[in-house]
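Please read the points below with the sequence and the 3D view at hand. They are meant for someone meeting this structure for the first time.

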Amino acid sequence: EDEWERWDAHVREQRRLKREADMTTELNEATVVAEREAMVVVAEQALKAGKSKKEAGELAMKGAELAKQRVHEMASKKKAMMVEGDLEVSEPAPYRIVTESG
């Protein structure tokens, strides 16, 4: 029985680490997308407003940094909303019937 408890603790820790790694990967991907989109939009608007390419580039970098901060803030809020710990599910997850057509 002691061995089962150690095994369960090990498995719980592995699930927690995987979940954490998945969240980090998701955050990194979302950050890259947000930065890229912000840079494009800010640079286009700056050029339309008559700014030089250098100024547009600097503004785009600032826009990317702000986008990164927003993504990280949203991730922090999402993480805070999630229930901490590794609660075991006492009921089986509901399933849905999938047909061949999807």
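1. Two residues are said to touch, or to be in contact, when heavy atoms lie within 4.5 Å. The model is predicted. With that cut-off, and not counting residues up to four places away in sequence, T31 touches K68, V71 and H72. T31 itself is a residue of helix α1, which runs over residues 2-48. Is T31 buried or exposed? T31 counts as buried because its relative accessibility is 7%, and the cut-off for buried is under 20%.

2. Helix α2 covers residues 53-81, 29 residues in total. At 1.5 Å a residue, α2 should span 42 Å. The C-alpha atoms at its ends are 42 Å apart, so the expected span and the model agree.

3. Which residues of α2 are buried? They are A56, A60, G63, A64, A67 and V71. The element that these buried residues of α2 pack against is α1. V71 also appears among the contacts of T31, a residue that lies in α1.

4. The largest nonpolar core is made of 5 residues, namely L27, A34, A38, A67 and V71. Two or more residues of this core come from each of α1 and α2. The element that gives the most is α1, with 3 residues. Within the core, A34 deserves a separate look: leaving aside neighbours within four places in sequence, A34 is in contact with A67 and V71. Both A67 and V71 are listed with the buried residues of α2.

5. How many salt bridges does the structure hold? There are 3. One of them joins the side chains of R16 and E13, with an N to O distance of 2.6 Å. R16 and E13 are about one helical turn apart, because 3 residues separate their positions in helix α1. R16 counts as partly exposed because its relative accessibility is 32%. E13, at 33% relative accessibility, is therefore also partly exposed.

6. R16 takes part in another salt bridge, in which its side chain meets that of E20 at 3.0 Å, N to O. Both E20 and R16 belong to helix α1, and their spacing of 4 residues is about one turn of the helix. For E20 the relative accessibility is 40%, so this residue counts as partly exposed.

7. A salt bridge also links K18 with D22, where the closest N and O atoms are 3.3 Å apart. K18 and D22 are both in helix α1, 4 residues apart, which is about one turn of the helix. Are these two partners buried or exposed? K18 counts as exposed because its relative accessibility is 52%, and the cut-off for exposed is over 50%. D22 has a relative accessible area of 40%, so D22 is partly exposed. As for shared partners, salt bridges join E13, R16 and E20 into one network.

8. To check these points in the 3D view, two places are useful. One is the nonpolar core, where A34 can be viewed with its contacts A67 and V71. The other is the network of E13, R16 and E20.

Notes
Residues numbered from 1 in each chain as written. Predicted model: local features only at pLDDT ≥ 70, side-chain atom pairs only at ≥ 80, totals over all residues. Heavy atoms only, no water. Buried < 20%, exposed > 50% of the residue type's maximum accessible area, 1.4 Å probe, protein only. Expected span 1.5 Å × (residues − 1). Core = buried A, V, L, I, M, F, W, Y, C linked by side-chain atoms within 4.5 Å. Salt bridge = Lys/Arg side-chain N within 4 Å of Asp/Glu carboxyl O.
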